[in-house]
Every structure is written in structure tokens, then in C-alpha cells.
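Biologist: Please show me the model, and then let us work through one helix and its surroundings together.

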Amino acid sequence: MNIGFKFNNTYAKLPEVMATKLNPVPVKSPKLTIFNHEFAKEIGLDTANISTNDLAILFSGNKLPEGSEPLAQAYSGHQFGHFTMLGDGRAIVLGEHLTPKGKLLDIQFKGSGRTPYSRSGDGRAALKPMLREYLISEAMHHLNIPTTRSLCVVETGEIVQRELPLKGAILTRVASSHLRVGTFQYLRVKNDISSLSKLLDYTIKRHYPELKDKEHKALELFKAVLKKQTKLIADWMRVAFIHGVMNTDNMTISGETIDYGPCAFMDYYDPRTVFSSIDEQGRYAYGNQPYIAEWNLARFAEALIPLFHKEEKKAVDLAIEAVDQFKSIFKGDFTEMMKKKLGLISSNNDDEKLIKDLFEIMFKNKADYTNTFMYLMNGSVPQDSLFKDSKFIEWEKKWNLRIKTGQDHNEAKEIMKQNNPVIIPRNHLVEDVLEKANEGDLKPFNDFLSLSKKPYEDLSDDKQKQPAPLNAEDRKSTRLNSSHLVISYAVFCLK
């Protein structure tokens, strides 16, 4: 059963308060559903001489790999704004695998049974949501967006009881780490400053070694995480991704996207679009994601205040000053990202207005986000009322003049191709292949996965380019009238 794991379990050496050591709960009849052989090879695993049955046994937790040291992590989190003591209620980190390139990766089972943090939950997961995370996380990786990865999904042979009985499954998730804003909040609320200081040093050693000799390590760590998060949110918005549950326990310190629950890719441009049935106020709407990132980072700063400075007032002032940098940094990242989507290499004072005007026209016409930029890139796109709107035609003339002025036209088009996906995992299509996979037909799922691995190539598959009908239930989109959600781009960037 040795497939090349090389465990170096550093997290297990942190204070006991931060985790509970325990094994996954064995399952009845494990069966391998899908395995990411390409990714396994990339991280130094060799499955050539192991059967699918043995892989199922290994990745269900029925037999543990040598060197693993399973544990469930403790953490807290603001969920929809409300603070809660949490922890891995249905997940167990097997250990940290050292890749051939010297990178340390968490190997985690999701759906592996009850833990001390499960509260009233059963610790299990259902097949469809685990396949969804597998599909979307792999699509995000190939869209060049930092993300956790998926190694495999194993059916458990057991039933998970939700509103309806569902097939049980375990996902193996791979992450640079599972350190979260909520990990720091957990120790801060316990007022365990000694452990908080140890966690700070551990985080810097694992993710930001360049900061280890800095005089103000906690403040420098915060600034580094802020910069990674601004780029990440800008990247989400580049491809119209809506996370859906941006709780503080779902914001990683590494800057990776984590936890693919009620997430989706927006079809029709509307900053108010949400994809969570419980997000009735639109807290985690597409256009609200920068606001929430800033809010989450403020909670991170609060957790670090005892380490910012020994004098509380000075520490609070430093925290406020650091958080206040978010707006300007995000504006720079977002504007630069949008310029690349529009092929604007040189600088022009009118670029921000050009971007803002486009989004207002898109909103008015309920234009498909992805197809709008695909049209600007190559003119090949399903019909859309946007392209007949007189204001858009006038805007396009200005854009064409701008793109041909003071820059290389071919270079501009090449940059557009690198930043505008042709294929995204449209939610109505994802739901269709997941339903078929749940019924035992994995071919549509695998075909869809293959397309998602080449998102910037025009494969001339019109079905993949078509948004769901505007009123389709499959979109699972709620349009809200919250006054704090604006129509113009980048939310508060131009305020």
C-alpha cells in the first residue's frame, strides 16, 4: 500500500489545544469513483502497482499509509457574520506530504466521520458535493487561480441521511496548508497568546520564510496575507467566480481558494448574484466579495493585535492602518486585472471610465459575463442583445481606438487570450453531469472535466458557451435589491 507518501507532520507538533489526534472512521464498502493520476504523479505519488480496490481502501481511511499522523484541526470562524467555535467536524488531515520539489502539502480526508468538533453532525459527506469540489477545484487550478486540489473521491457504500438519503463519499483534498483566519481567531478568543505566538512562527516558517527575521513579524505576516487575498479576489472576479461562503474559516493564510460548497460561476452580469440558498441578504454576492475579504482581514488583524505591539493602543493603531491599505491595493490589483481582460497594456487616464462604462452596459443588457469578453477577444460568441445595443456599439468603437493606440495590437490580443477563459464550469451544466455521475454514469463528468482543463482554448463547443436560460431554476441565483451592492465594477474601487 506504499504509493510514495513522505510524511513530515509539522502541525502535529504544535500545542495540543490546536488539534485532536484521531483516525478516520472506517467505512462499509469503499469504491474508487475517480482518481487524479496526473496530479498524484506531480506530487510524487506512484499508483502504477496498486489496484483500484486498494486505492479505495487507502483513501477511505480503512487502512492508513505509513507515516501518517491523523488529526482534526480546531479553529473558529465568523459564519455569515456570527462568531462560532468550530473545527474539522467531518475532516481529518492525514499528515503533510513532502513532494519531490520540497513542498509540504496537507493530505486531508473530507467526509471521514465524526470528530470532537462535529457537534450534531454525522461527520460524513455525500457523493455529489464531493464530486462538485473535485470538479470545481480542478477547474480553478487550470484557470490559473490559487486553490486547493482534489486527489480522489471514494464512495463509502453507506447512506448519508440529509433531507433525502444520499450516497456517502470521501474526498481527498490537497492544500498548501489548512491554516485559516479562523485558526488564529480560535487561539485569540481563548486568550492563549503563547500558542498564538507559536502559530505565528509556524505560519511564517511554512508559508512566508522571508519574514522570519523581520522585527515586526506579525504585522508583516498580515500585510503579506492581505496582498495575497486582494490578488485572489481579483482573480475570482476575473472569471466570474462566486465563492458563496466567505466565512473567516474559509479564508486561508496561504492565499488559496478553499471549500467549494454553494459556489458557482456567474452567467449574466449582476453584482448582486448569489449562489447560496441561505444567503438571503446577499452577504456573499459576487460584487460583495471585496467587501467581505476586507472584513475578514480585519478579523485577522484583531486576532493578531497582541502580537503587533506590547502596547494595546499602538497595536490597534497599527491594525487599523494595515487594514486600511486593502482598498488601494485591491483597486490596483483589480484595475490591472481588468486592463488585461481588455488588452490594455499602456496606461491612459480614461481606462477606469472605459471599464466602468462597460460594466454598466453589461448590467443593463443582462449580458453573459464570459461571452462578453470572448466577443471582444475574437468575435466568436453566441448571439447576445448586448452587441446590438447602441451604447455598446459606441463603447466598442472607443475601446477599439484605445487598444490600437500606443501599444502593440497583437500583444494586446495575446494578453486577452491568457486572461479571458472561453470555457467556465457553468452551473446548470455542472448540475447535469453531477446528477448523471450520482446515478453511476461518469462519462459526462469526465468529459466535462477534460474541457475544464483547457479553459483558454476555443474548442468550438457551443453548448459550453451558452448560459442557462435567464429564468432557469438551475442558475440558483437570487437577485437582491440591497442598496450597498452597486452596479459599477470593483465595488468600492472608484469611490
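Biologist: How many residues does helix α5 have, and what length does α5 reach from its first C-alpha to its last?

Modeller: In this predicted model, local features need pLDDT of at least 70, side-chain atom pairs count only at pLDDT 80 or more, and totals for chains, interfaces and linings use all residues. Residues are numbered from 1 along each chain as its sequence is written, and side-chain values use heavy atoms, leaving out hydrogens and water. Helices are DSSP runs of H or I with at least four residues, and strands are runs of E with at least two, numbered from the N terminus. Helix α5, residues 193-207, is close to the 21 Å expected at 1.5 Å a residue (1.5 Å times one less than the number of residues), with 15 residues and a reach of 21 Å.

Biologist: At what angle do α5 and α6 pack, and is α5 parallel or oblique to α6?

Modeller: Axes are lines fitted to C-alpha atoms, for helices over the stretch in contact (heavy atoms within 4.5 Å), and angles run from 0 to 180 degrees between N-to-C directions. Angles under 35 degrees count as roughly parallel, over 145 as roughly antiparallel, 65 to 115 as roughly perpendicular and the rest as oblique. The axes of α5 and α6 lie 11 Å apart, at an angle of about 50°. That angle makes α5, relative to α6, oblique.

Biologist: Which residues of α6 make the contact with α5?

Modeller: On the α5 side, the contact is made by Leu200, Asp201, Thr203 and Ile204. Their partners on α6 are Lys217, Ala218 and Leu221.
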